[in-house]
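Visitor: Could you walk me through the strand pairing here, and tell me what justifies each label?
Guide: Gladly, let us look together.

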Amino acid sequence: MLYNTRQEAYYLYIILCNDGSFYTGLTDDLIRRFEEHVNGVYETCYTFKRRPLVLKYYETIPFLKDATEREVQIKGWSRSKKEALIQGNFHKLRLLSQCNNLSHHKYYNLEKGPDSAQPTNTPLRLRSGQPKAGILGGGQLGRMLLQAGANYPVETFVMENDSECPSAHLCNHFIKGDIANFDDVYNFGKGLDTLTIEIESVNTDALEKLQNEGVKIYPNPAALKIIKNKILQKQFYKNHEIPTSDFIITENLAALKKQGNFLPAVHKLGLGGYDGRGVEILKTKEDLEKGFDAPSVLEKMVKIKKEISVIVAVNDKGETAVYPAVDMLFDKRLNLLEYQISPADLPEKVLWKVEAIAMKVVKYLNSAGIFAVELFVDMEDNVFVNETAPRVHNSGHHTIEANFSSQFDMLWRIMLGYPLGSTEHILPAAIVNLVGADGFSGTVQYEGLNEILQIENVFVHIYGKKETRPGRKMGHITILSKEKQELIHQANRIKHTVKVVASPMLS
Ligand code: AIR
């Protein structure tokens, strides 16, 4: 049984009036409602001196109960508190310009009310002379974060077990250590001003201690503790009435084997899985053997029309910036992201629902940082959260070239206390992941790059991993184009041209 399948989207909105006061309301259709306001349908709310001037703010809330509670709450706020809310969220308000550009906006010429000031910065308060930032984990995500960090005044530190990892040569200081070990993480972090992760399997107890001692940690260790354990993550969605597929917790293989009637389902290892590892699709009773003999979660299979990802940035002040949703296409066999196309091709109403649910996840995680919320859209356009990553994410790699502020740039802004960047895209994009080909293990070799590098709208990212193995993420290629057909065409071309193999001597 699924809970919360009846989904709607409500908009809590605030209109600035020409006398400087705010009008707060609730609607299920923001554009229509604003039109009504400007056309005088709500004359009784206004006087001759008080007229609706401009739509300043909205938030999308998936359930009526939450929406009415929120309306009552905001209506009770003082003017300055409403102003702070508006200022804090100026990034995510894509719909606003759409509403405010309505051609029949008859109040345009009214004298402007007091406009909101630009948000003030909270520069990082340094514990030492210059910002020292640490990254736990040294894979491709850390590498791309360091590439963006090179543009900022920051001294970078990376800890990882493998001193030949993709990040080792791009940071200012590399420390060899075990990210799952309390002492290693604590000793690494204690001299730093700010710290982030690029993989979930880190020691969260050490992070909590560091946080108590004043190190700024992104994401908040409490949020990371929930997300890194797939069981706690699912319970978190359920507790906060965030739509997600039904699930059962299985302690071991024997317990899993009793759940034949729950199939088809996806078995996910509680701790430690990533990039397709720790996930098994179980369709028939015979498949139960493939499940995990450790605490795991068995998730009912949803009939999926689309898989979507939304990346949300949150800073210390609780301000948010949302990247346009993207379509994800998976390699079913490897359980890995194969292509990604952005922005997602979905009806606007579904996109709003997707965005509202992603915002709800982030709100209840109560943490600054970057969050990638992966969602399913079913045949009836219901939206379910699949899982969330509290870090930069594969589904956002296109933002390096395709958006004003990339997900990596954005994380630096958050960690260093600068204003959030713009998430607007410059051009639509696609990503093709370069994964190790089947049958090849050993020193990596890339075939076909020469041909692909002759195409003008592609950008190659090789992660610098020395060794390939089947299914390992070794790089990605981004394509930019106004035309969706061109994106798909080039993505297919790349997929069939570039091969990640091993050098013949070692294969
Ligand atoms: N990663 C972390 N969670 C999911 C992914 N894809 C990235 C991180 C991590 C790297 O994958 O950058 O360090 C590990 O990749 P590999 O191929 O060494 O296992």
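**Strands and their partners**

Guide: In this predicted model, strand β1 (residues 10-17) runs antiparallel to β2, and 6 bridges join the two.

Visitor: Why is this called a pair of strands?
Guide: Pairing takes at least two bridges found by DSSP. β1 and β2 have 6 bridges, so they pair. One of the contacts along the way sets Ile15 opposite its bridge partner Tyr23 in β2.

Visitor: What makes β2 and β3 edge strands?
Guide: The order in this open sheet of 3 strands is β2-β1-β3, with antiparallel pairing. β2 (22-27) and β3 (52-61) each pair on one side only, which is what makes them the edge strands. From one strand to the next, the twist averages 20°.

Visitor: Which strands does helix α1 touch?
Guide: Helix α1 (residues 30-38) packs on the sheet and touches β1, β2 and β3. The direction of α1 makes about 160° with that of β3. Angles here run from 0 to 180 degrees between N-to-C directions, so a value of about 160° belongs to directions that are closer to opposed than to aligned.

Visitor: How do you know that β20 and β22 pair?
Guide: Strand β20 (residues 442-447) and strand β22 (residues 467-468) run antiparallel and are joined by 2 bridges. The cut-off is at least two, so this pair meets it. In β22, Thr468 stands opposite Gly442.

Visitor: What joins β20 to β24?
Guide: There are 4 bridges between β20 and strand β24 (residues 499-502), again in the antiparallel sense. That satisfies the cut-off of at least two, so they pair as well. Val444 has Ala502 in β24 as its bridge partner.

Conventions
Residues are numbered from 1 along each chain as its sequence is written. This is a predicted model: local features need pLDDT of at least 70, side-chain atom pairs count only at pLDDT 80 or more; totals for chains, interfaces and linings use all residues. Two residues are in contact if their C-beta atoms, placed from the backbone, lie within 7 Å.
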